[in-house]
Amino acid sequence: MCGIIGYNGFREAKNVLIDCLKRLDYRGYDSAGIGIIDDKLQVFKEVGEITHLEKEIPTIRGDIGIGHTRWATHGAVTKENAHPQISPNKKFAVIHNGIIENFKKIKEDLEKKGHTFTSQTDTEVIAHLIEDHYNGSLEEAVFETIKNIQGAYAIVVMCEDEPEKLIGARRESPLIVGVGDNENFIASDIPALLKYTNRVIYLDEGELCVVTKNSINIYDKNKKEIEKKKDIITWDYKDAEKSGFPHFMLKEIFDQPNTINQALRGRISEIDQTINFSEKIEKLLSNDIESINIVACGTSYYSGLVGKYVIEQTCRIPVIVELASEYRFFGTRNKSSLVIAITQSGETSDTLAALREANKSGCKTLAITNVIGSTATRITNGYILTQSGPEIGVAATKTFTSQIIVLLLAALKIASIKKTLSSNDIYYYILRLKELSRQIRLILDESNKIIKISEKIKDSNSIFFIGRGINFPLSLEGALKLKEISYIHAEGFAAGELKHGPFALLTKKTPVVAIVTKDSTYNKLLANIGEIKARGPQVIAIADENDSEIEKHADYVVRYPSNSTLLSCIPITVILQLLAYHVADLRNCPIDKPRNLAKSVTVE
Amino acid sequence: MKAVILAAGEGKRLRPFTETMPKVMLPVANKPVLEYVFDSVKNCGIEEIIVVVGYKKEVIMEYFKDYKDIKISYVIQDKQLGTAHALQQAKNKINDTFIVLSGDNIIDQNSISNLINDKSEYSILIKEHSHQSKYGVVFIEKTILKEIVEKPKEELGKFISTGIYKLPYAVFNEIEELTSQGIYTLSSVIQSIIEKNKNINTIIADLWMDIVYPWDLISVNEIMINHFPSSTSGIIEKGVNIKGAVSIGKDTTIYSGCYIVGPVIIGSGCEIGPNACIFPSTTIGDNSVIRPFCEIRNSIIMNDCHISSNSHLSHSIVTKGNIIGNNFSSITGESTIDTEGEFKKLNNIGTMIGEDCTIGSNVIVEPGVIIGRRCKIDHLKRINKNIPSESKVM
């Protein structure tokens, strides 16, 4: 979850590193540091924001260096524990993302040999090992070192005695090489580099790279040199800027009329009444699927839960949604089941581990991800891109709705193959899908109404979200969005479950957000609202525009445009996102960088 | 040099089109007017564009998030008091001579180059114009500006001010003095500079176009569409006939039997046909669907529209997100429109529809009728007068 950057080129390394770190700081941001070789290796580290570090660094030349933003996993947030970590002779500097599982053992062994450590990090042992193994060739020393360590890592190393090269290596944690002209980069993530280059090479498991100003050599785990293709990234670095919005999250919420169309683009044909994927994907989806397992973490897990309702209703096959971190150890594996993994970054380590398990047991696997070339796209039988552009806000917004759209399209495809929906039904959904962009626009237009409601609930200690059917996962998502950015305790419940326990927590000061759709459970939900009102809390209903009844039951009503029940989840989500955003904004929370959270969780 | 672009205004005379976007974002040949201004400015050696935004600023910021090759920064004008007040908001970002333009007029690159390269400390772009009552009329001696008269009652002179200036940093002193007296327009500032015996040089602009009323969009589109190179991507089925300059975006499908005569621009992600006819000078936005047997002529169809079979549209504007039923017909012809107490006669005009309307089957609209935003019109209706936004016609 830390951000890594290495630079080797013709510019002043300090400026490039600081600039890239600023673009990486959504990955983690409790402390940061850079190391630069300018004759001697020099290292600067600070606790806090990157801008703080920037102020502390003196003028320094040198065009090779490494930089790191940290999200603590081992050792407290201190200057000593920030990266780069250096070796005892102060010639080797290492930055690292991941967790070294056997570091305690290595540390003890080294201490017996007389090494003394200055930090509590697992990373410092890497620097010590490299120094021990060094025999005139940095890449050899790194090769030897990674044999000693277990766990997940992406590391970049440099050495004062070989100031022309950077070495990168990875296992489980992501690492990419950015290819420039007379300059090259190593980074944990694409947005860090986009300002300088859009040509990237993805390192695979166990690979090691040697990067100089004008050469890149990549070796597999047997030290054999290999050729790798460069991917051209079509994102623009301005995508990763706020362009005037106060927060990335708001920008990304407002981007949704566009990203929904991107997710649909080229995949639906109204005239032909068909859903189209690449041949490979269509084969996967038609592969006599008897059941589907969806594995994911966090917000992606909730989009999986929405997917469950969608697929079960349209395809009439059972869907099991499991948290990736559970599935990998305890999940049931059925060879005739298709495993769909949902991960925005394509690098979520729990989800990748679950995919590897699924592959091992012979299941067909499909990834839904936003990042082309990411690990998830390479270890699955096929992948579908959400095509939403980079998402910077830690709280996922546009990628959540795009994931649902992709799941919906996949469901419709399966349904048309299995003939569980008629061509006319498919046509009906295509027309409704096309309306979504307009419907989201209408909601964004009414953002002011949502601000007014946010004012009413911003001082609450606790807020509940309830819904039935497909709205149940939405209430979970609504609660997750709210708690992660506003720090208000929030929980989502299936509306019918309230009286089986959670009611005990309900007081007059616990506002309840109820998602009400005009389906078979409508009257039941009104009854639930009645039960809640009887105990005094304010009820905020999110209801269909044609629902004339609801005003009598709820204190405040936010309307969404009518659509098919399966599709109204998209506009409802946008309302929930805006509600969370405005509550957090009114409470002056750091919306794009909530405390203790990082965007792509690449540790387990 | 930096450029300040004023883009905070609403454009009330362009309602209902401007109910959800500022005037500068109205698309001409599938590109917002503001983008034409950006394009002209960025190729003249301007290093940074400062955009003064206000009304519906998110629409601008969202659209230009991908804009390349030049630094864009935003300053916010909370209340739209006037052009000088708008410019004043950008003061902190300026430290030298700069140019200021309004974001809602199309201007060519050459004219801006001429302005930037002009030796005079103060310079202004002017343009010949036949309808002066809406503009500041300028009086000149040789090339030196002598007077600006705002919105004269009678036809006075020959040239009008385009509102595009090159100004030294010192102009902010003048602006501050006047705004503190409650005078907020830039032309008043210029007039006061003239009165202080400073020379303001005038330069005649080559191409300058203004959109004042909704129907102006059709004629401006007609001119600008000719500047668009033809290029086709997407899927064009067998049996499609394409003549003249036609541009088709990616992921668009043109189904069999369509007949398209350029200049025509079709955006990306559209589905057209089978058997639809599209004639000059029509622009169709992204993700729109034109169903079988439609005829579309000299019209603007924006993004996310859905026009059902057998519809006929001519000299018309259909803005974003409209869903139109079968057999829609816009009658084209003469219309006299009452604008701000003035009667304006239009010879060849169809219908103009605001965003996100839902229109039933077999609806007929008479010439010059403006339908507001988010209207719902039932089947089999004949619409013969303007419909305000958010109405239902039952």
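Colleague: What is the strand order in the open sheet of five strands in chain A, and how are the strands paired?
Modeller: In this predicted model, the order is β24-β23-β25-β26-β27, with parallel pairing.

Colleague: Why are β24 and β27 of chain A said to stand at the edges?
Modeller: β24 (489-494) and β27 (556-560) each have a single partner strand, so one side of each is left without a neighbour in the sheet. As for the twist, neighbouring strands of this sheet are turned by 20° against each other on average, direction ignored.

Colleague: How do you know that β25 and β26 of chain A pair?
Modeller: Pairing takes at least two bridges. Five bridges join β25 (residues 512-516) to β26 (residues 539-544), so the two strands count as a pair. One example is A:Val512, whose bridge partner in β26(A) is A:Val539.

Colleague: Which strands of chain A does helix α16 lie across?
Modeller: Helix α16 (residues 471-486) lies across β23 (462-467), β24 and β25, and runs at about 175° to β24(A). Angles here go from 0 to 180 degrees between N-to-C directions, so a value of 180 would mean opposite directions.

Colleague: What makes residues of chains A and B count as being in contact?
Modeller: Their C-beta atoms, placed from the backbone, must lie within 7 Å. By that rule, 20 residues of chain B are in contact with 20 residues of chain A. Helix α2 (residues 57-63) of chain B gives the most to chain B's side, with four residues. That side divides into five nonpolar, six polar and nine charged residues.

Conventions:
Residues are numbered from 1 along each chain as its sequence is written. Chains are lettered from A and ligands numbered from 1 in the order in which they are written. This is a predicted model: local features need pLDDT of at least 70, side-chain atom pairs count only at pLDDT 80 or more; totals for chains, interfaces and linings use all residues. Helices (H or I, at least four residues) and strands (E, at least two) are DSSP runs, numbered from the N terminus. Two residues are in contact if their C-beta atoms, placed from the backbone, lie within 7 Å. Ala, Val, Leu, Ile, Met, Phe, Trp, Tyr, Cys and Pro count as nonpolar, Asp, Glu, Lys and Arg as charged, and the others, Gly among them, as polar.
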